[in-house]
Amino acid sequence: GGVTSSRCTNEETFLVQKLVRAGFGNNNVDTCARVCHSPTGYGLKTAFGTSAGTQDFDSVEHADVIVLIGANPTDGHPVFASRMKKRLREGAKLIVIDPRQIALVKTPHVEADYHLQLRPGTNVGVINSIAHVIVKEGLLAESYIKERCDMAAFERWKNFIAEDRNSPETMESITGVPAEQVRAAARLYATGGNAAIYYGLGVTEHSQGSTMVMGMANLSMLTGNIGRRGVGVNPLRGQN
């Protein structure tokens with residue numbers, strides 16, 4: 001089979017599918033856009049009813065807390081990264097969740113408040129432990145949840161997320177992230193003002209990619225960080 005890039009021209013993609021069909025004798029042709037986008041499409045559609053990112057890129061200028069998960073904007077999305085850095089220099093807080101020490105963790109005039117350096121593949125464990133802290137410490141946006149969320153579904157999820165198996169202390173052996181860092185980052189996200197999540201292929205190109213997207217959507221609803229400028233769940237696509 002063959003996988004083409006969305007950065008190929010139509011003519012190049014045509015040649016790849018012709019090679020596979022005529023040369024290899026089968027129809028196994030795919031594009032990286034499906035691998036990149038389908039977990040976001042499924043996850044956000046399940047949570048919100050639409051598969052689109054929840055904000056335009058200008059909204060980062062209104063964010064007070066920026067959570068960056070599985071993305072390296074300075075390399076992959078440099079135009080957006082310059083806007084994000086401008087907002088960080090103005091005083092916005094930054095939480096980086098990434099196994100790598102990307103440039104934004106520490107770069108001139110910009111330094112992450114927290115770098116949750118998780119083990120690869122443990123994204124869901126980290127996001128659930130952040131939600132656990134917010135639920136157990138009563139930092140959730142109760143009025144928003146009552147007005148906007150399905151209460152029966154929320155209560156089921158809340159009971160699950162409050163279980164000890166989702167605590168930062170239990171998850172530490174799985175994710176490798178110190179529990180106290182997770183607790184501090186969770187408190188900042190829940191109480192720091194407008195909090196926006198930006199994520200990349202480090203989230204979606206995993207077997208649990210859709211689950212993680214739904215986990216981030218749940219986190220934004222839990223804290224009321226959706227539906228206005230400077231907040232939301234915002235994918236940074238692979239095809240910039």
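User: In what order do the five strands of the open sheet stand?
Analyst: This is a predicted model. In it, five strands make up an open sheet, with parallel pairing. The order is S7-S4-S3-S8-S9.

User: Which strands stand at the edges of that sheet, and why is one side of each left without a neighbour?
Analyst: An edge strand here has a single partner strand, so one of its sides has no neighbour in the sheet. That holds for S7 (114-116) and S9 (232-235).

User: By how much are neighbouring strands of this sheet turned against each other on average?
Analyst: The angle ignores direction and is an average over neighbouring strands of the sheet. The value is 15°.

User: In S4, which residue is the bridge partner of Ile66?
Analyst: S3 covers residues 65-69 and S4 covers residues 93-97. The two run parallel and are joined by five bridges. In S4, Ile66 has as its bridge partner Leu94.

User: What angle does the direction of helix H4 make with that of S3?
Analyst: H4 spans residues 78-89 and packs on the sheet. It touches S3, S4 and S8 (195-199). Its direction and that of S3 make an angle of about 140°.

User: At what angle to S7 does helix H9 run?
Analyst: H9 takes in residues 179-191. It lies across S3, S4, S7 and S8. Relative to S7, H9 runs at about 125°.

User: How far does H4 reach from its first C-alpha to its last?
Analyst: H4 has 12 residues. At 1.5 Å a residue, the expected reach is 16 Å. The model comes close to that, at 16 Å.

User: Within what arc do the buried residues of H4 fall, seen down its axis?
Analyst: The buried residues are Phe80, Ala81, Met84, Arg87 and Leu88. They line one face of the helix, because their arc down the axis is limited to 120°.

User: Against which elements do the buried residues of H4 pack?
Analyst: Three of the partners have already come up as strands that H4 touches: S3, S4 and S8. The buried residues pack against those strands and also against helix H3 (73-76) and strand S6 (110-111). The full set is S3, H3, S4, S6 and S8.

User: How many of the 14 residues of H11 are buried?
Analyst: H11 runs over residues 209-222. Buried means under 20% relative accessible area. Among the residues that qualify are Met212, Val213 and Leu219. H11 is mostly covered, and the buried count is 10.

User: Which residue just after H11 takes a positive phi?
Analyst: H4 is followed by Gly91, with a positive phi near 120°. Just after H11, the phi is positive at about 70°, and the residue is Gly224.

Methods. Residues are numbered from 1 along each chain as its sequence is written. This is a predicted model: local features need pLDDT of at least 70, side-chain atom pairs count only at pLDDT 80 or more; totals for chains, interfaces and linings use all residues. Side-chain values use heavy atoms; hydrogens and water are left out. Two strands pair if DSSP finds at least two bridges between them. Helices (H or I, at least four residues) and strands (E, at least two) are DSSP runs, numbered from the N terminus. Axes are lines fitted to C-alpha atoms, for helices over the stretch in contact, and angles run from 0 to 180 degrees between N-to-C directions. Contact means heavy atoms within 4.5 Å. The expected span of a helix is 1.5 Å times one less than its number of residues. Buried means under 20% relative accessible area, exposed over 50%, partly exposed in between (1.4 Å probe, protein chains only). The arc is that of the directions from the helix axis to the C-beta atoms.
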